[in-house]
Amino acid sequence: MQLRIFFKTFPETTRCPSCSKIGTIRRSRTKNSFEAFVKFTRLANLYKCRECGWRGILKKYMVNKYSFITLFFYIVLVVSVAYVIRQVLLNNFGS
Ligand SMILES: [Zn+2]
């Protein structure tokens, strides 16, 4: 059982979305406020390809099928804990 929902990706080692070459992707500086915002969220970053000049945003984190199972598990856990706490409070302090 794994407990993580997000898995870190390594865009520097993935294929270029444009020319499909490996190892040509490098981090790129932000050029406008939208790109600065993207960088600020820390969920994605700006990259560019040294070979073909492609420039764009790549996610730093990804989800897989286990993420949804884990997320569901967390939701069930939170709901059941909330229910138990509510019952305890009602039994002890409820009128
Ligand atoms: Zn490229």
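From the N terminus on, the elements of the protein chain run β-β-α-β-β-β-α, which amounts to two helices and five strands, where helices (H or I, at least four residues) and strands (E, at least two) are DSSP runs numbered from the N terminus. The radius of gyration of the chain is 21 Å, well over the 12 Å that the globule rule gives for 95 residues, so the chain is more spread out than a compact globule; that radius is taken over C-alpha atoms, and the rule is 2.2 Å times the number of residues to the power 0.38. Before going further I should say that this is a predicted model, in which local features need pLDDT of at least 70 and side-chain atom pairs count only at pLDDT 80 or more, while totals for chains, interfaces and linings use all residues. Residues are numbered from 1 along each chain as its sequence is written.

Staying with the whole chain for a moment, its C-alpha atoms fill a box of roughly 70 × 35 × 15 Å, taken along the principal axes. Of the 95 residues, 4% count as buried, and here a residue is buried if 20 or more other C-beta atoms lie within 10 Å of its own, exposed if 12 or fewer, and partly exposed in between, with C-beta atoms placed from the backbone. Among contacts between residues at least 6 apart in sequence, 50% join residues at least 24 apart, a contact being two residues whose C-beta atoms, placed from the backbone, lie within 7 Å.

Now to the sheet. Three strands form an open sheet in the order β2-β3-β4, with antiparallel pairing, and two strands are taken to pair if DSSP finds at least two bridges between them. At the edges stand β2 (25-27) and β4 (55-59), each with a single partner strand, so one side of each is left without a neighbour in the sheet. Neighbouring strands of this sheet are turned by 45° against each other on average, direction ignored; axes are lines fitted to C-alpha atoms, for helices over the stretch in contact, and angles run from 0 to 180 degrees between N-to-C directions.

Looking at the individual pairings, β2 and β3 (residues 44-49) are joined in the antiparallel sense over three bridges, and R27 has Y47 in β3 as its bridge partner. Helix α1 (residues 33-41) packs on the sheet, touching β3 and β4, and its direction makes about 120° with that of β3. On the other side of the pairing list, β3 and β4 run antiparallel and are joined by five bridges, with N45 bridged to L58 in β4. These two strands, β3 and β4, form a hairpin with five residues between them, and G53 in the turn has a positive phi of about 85°.

As for α1 itself, is it buried or in the open? Of its nine residues, the number buried is zero, so α1 lies largely in the open. Just after α1 comes R42, with a positive phi of about 65°, placed in the loop between α1 and β3; with 9 C-beta neighbours inside 10 Å, R42 counts as exposed. A comparable note applies to S20, which has a positive phi of about 65° although it is not a glycine. S20 lies in the loop between β1 (7-8) and β2, and it counts as exposed, with 11 C-beta neighbours inside 10 Å.

Finally, the domains. The assignment gives domain 1 (1-63) and domain 2 (64-95), with bounds that come from an automatic or database domain assignment, and 36 Å separate their centres, taken over C-alpha atoms. The contact takes seven residues from domain 1 and five residues from domain 2. On the side of domain 1 that touches domain 2, the residues divide into five nonpolar, one polar and one charged, where Ala, Val, Leu, Ile, Met, Phe, Trp, Tyr, Cys and Pro count as nonpolar, Asp, Glu, Lys and Arg as charged, and the others, Gly among them, as polar.

One residue to look at in helix α2 (residues 65-93) is F68, which is exposed, with 11 other C-beta atoms within 10 Å. F68 and I5 are 63 residues apart in sequence, yet 7.4 Å apart in space, C-alpha to C-alpha.
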